[in-house]
Amino acid sequence: MRLSMSGAFQPFSTTDINGNLVGFDADMARELAKQMGYAPELVQNDWAGIQAGLQTGKYDLICGSMAITPQRLEKMLFSLPYYVSGAQIFARRGLGALRGSRIAVTEDSTYARYIESHPEQFPEVEIYTFGSEAEIVAAMNTDKIDAFVSDRIVGGFYIKKGAAGDIEPWGDLLYREAVGIAARPDSAALIRQVNQALLALVQNGTYEKIYRKWVGNAPDVEILFAAWGDYAQFIPGPENSNRPEVNERKPGFANNLSTMLPLLARGAMLTLLLSIVTAITALGTGALIGIGTVARHTLLRRLSNAFIWVVRGTPLLVQLFMAYFALATAINRLLGFEAVGAMGAAFIALIVNTTAYNAETLRGGINAVDRGQWDAAASIGMTRGKILRRIILPQAFRDSLPSLGNNLVVLIKDTSLVGAITLIELTYVARNVVFQTGQAFLPFLCAAGFYLVIISLVTIGVKSWEARLLRSRKALGETI
């Protein structure tokens, strides 16, 4: 069973020193799956795309602290709430009023919509949106915001941890919200299984054990049962009222440089894999499309130019989403099994994107070759295909090599976008470390160092290749 969460919501979901998803949501997801008789597979996905991943079958459930709202109930099924919390304002100590202050929220959250729909409670405020609470904490520490709205448990966690500076809860809870496990609309039987498993975990004490481990205190089961009453006619009380003993150790986290580097190195390996395979493939496909742009056949020439125009005119992130949520889903449904996963979709999008840029680069190189060489080769009986293969393309490639090298550098940096479709590459690993530690500078500085090393090696390789081709050209000229 595949269960998804963002990995960016301490103490509910984050990643440990080995890159594994941990936290209250992660432990609950594992225990629920086991209780239902499944082997759990946790999938980390960016919050902005987590609902789309569910709807397209990339995973079976979202166990990622998703509040049950009327809008979401129209699109998804929810289990009984597995915890109840509320929205709380956290502000710098001594903040007198919210008027004119800078307030942060996580993007696409219920908090953002609440502020927008209650302007009387937030007069003249300036709203900032961030990808995670950890990024908000970093903004608090660098004086970019004055307050933020978050879950009361999450904010309390950062206060206890001392990661957000001198902040405190400001005012009462804005509202209380019940958090459930989400499934697709056609998964009613699965949701019933989740409810039965959740009840079993509450009864046998596993729920309280996990809650104490991550939140630090006992859950308020009366509030939880009251929330259950909103979604079920009858909820039996827990059979075992004995307080479970908490003896599990929390996993280690990447809190220093020595523990960050192995995680970042693993992310860099995926970045390298994506870059190398894409670069090699896109060089060949780019040459084919580039040749198509100068073909005599009108339809082929127009299709090649249209491909370049469409791909270069749309963002890579959109292409990744299209490849992952649309193309891969259609292929998998057609074949009846998952033939194209996140990695396959990433390769498709990156190869298509890089192909377009390589094709345009080679088109310029082909057109830069003197027309007289075409005529001279044709005059001795060479076919158009042979002219391209033996005379034009070698020169076009040599002259285009600096630009092709630049395309490769851009590709390496563009791989940072594949985290949006669940692949944990170098930049996404750095974000995970930020979510763990609350400090944004060191993890991203280390990631930048990895990128700099990779790109420097690539640049040196391309320049050496270019110098070799120039020496060959010079030697040929002297021979002639």
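Is E338 buried, exposed or partly exposed? With a relative accessible area of 48%, E338 is partly exposed. Here are some further notes on this model, which is a predicted one.

1. Overall picture. The chain holds 17 helices and 11 strands. Its C-alpha trace spans about 95 × 50 × 45 Å along the principal axes. Of the 480 residues in the chain, 49% are buried.

2. The salt bridges around R2. Side chains of opposite charge can pair when their charged atoms come close. In this model the count comes to 12 salt bridges, and R2 is a good place to begin looking at them. R2 pairs with D60, the closest N and O atoms being 3.9 Å apart. That contact links distant parts of the chain: R2 is in strand β1 (residues 2-5), while D60 is in the loop between α2 (50-55) and β5 (61-67), 58 residues apart. E338 also forms a salt bridge with R2, here with the closest N and O atoms 3.2 Å apart. This pair too joins distant parts of the chain, since E338 sits in the loop between α12 (316-335) and α13 (342-368) and R2 in strand β1, 336 residues apart. Taken together, R2, D60 and E338 are linked in a network of salt bridges.

3. The acidic partners of R2. It is worth looking at D60 and E338 side by side. D60 has a relative accessible area of 19% and is buried; the cut-off for buried is under 20%. E338, at 48%, is partly exposed.

4. A salt bridge to helix α16. The side chains of D46 and R431 meet in a salt bridge, at 3.3 Å from N to O. D46 lies in the loop between β4 (41-44) and α2, and R431 in helix α16 (residues 426-437), so this pair ties together parts that are 385 residues apart in sequence. D46 counts as buried, at 15% relative accessibility.

5. Helix α10. This helix, residues 257-292, contains I276. With 36 residues, α10 reaches 50 Å from its first C-alpha to its last, close to the 52 Å expected at 1.5 Å a residue. Do have a look at A282, though: a kink of about 25° in α10 is centred there.

6. A nonpolar surface patch. M269, L272, I276 and I280 form a nonpolar patch on the surface, and together they have about 400 Å² of accessible area. One of them, I276, is partly exposed, with a relative accessible area of 47%.

7. Helix α5. Here the picture is one of enclosure: seven of the nine residues of α5 (residues 133-141) are buried, so this helix is largely enclosed by the rest of the structure. The buried residues are E133, A134, I136, V137, A138, A139 and M140. After α5 comes D143, whose phi is positive, near 60°.

8. Backbone points to check. Most residues other than glycine have a negative phi, and most peptide bonds are trans. Against that background, S65 has a positive phi of about 60° although it is not a glycine. S65 is in strand β5 and is buried, at 11% relative accessibility. E124, not a glycine either, has a positive phi of about 55°. E124 is placed in the loop between α4 (110-117) and β9 (126-130), and is exposed, with a relative accessible area of 61%. As for peptide bonds, the one joining Q10 and P11 is cis, with omega about 0°; P11 lies in the loop between β1 and β2 (14-15).

9. Cysteines. A disulfide is a covalent bond between the sulfur atoms of two cysteines. How many disulfides does a search of the whole structure find? The search finds zero. Among the cysteines, C63 is buried at 0% relative accessibility, and C446 is buried with a relative accessible area of 11%.

10. A long reach across the model. R102 is in strand β8 (residues 102-106) and counts as partly exposed, at 24% relative accessibility. R102 and G365 are 263 residues apart in sequence, and their C-alpha atoms are 52 Å apart in space.

Methods
Residues numbered from 1 in each chain as written. Predicted model: local features only at pLDDT ≥ 70, side-chain atom pairs only at ≥ 80, totals over all residues. Heavy atoms only, no water. Patch = residues over 30% accessible without salt bridge, like charges linked within 9 Å, V, L, I, M, F, W, Y side chains within 5 Å. Areas by Shrake-Rupley, 256 points an atom, 1.4 Å probe, with all protein chains shown as cover. Salt bridge = Lys/Arg side-chain N within 4 Å of Asp/Glu carboxyl O. Helix = DSSP H or I, 4+ residues; strand = E, 2+ residues; numbered from the N terminus. Buried < 20%, exposed > 50% of the residue type's maximum accessible area, 1.4 Å probe, protein only. Expected span 1.5 Å × (residues − 1). Bend = angle between axes of the 7 residues up to and from the residue. Disulfide = S-S within 2.5 Å.
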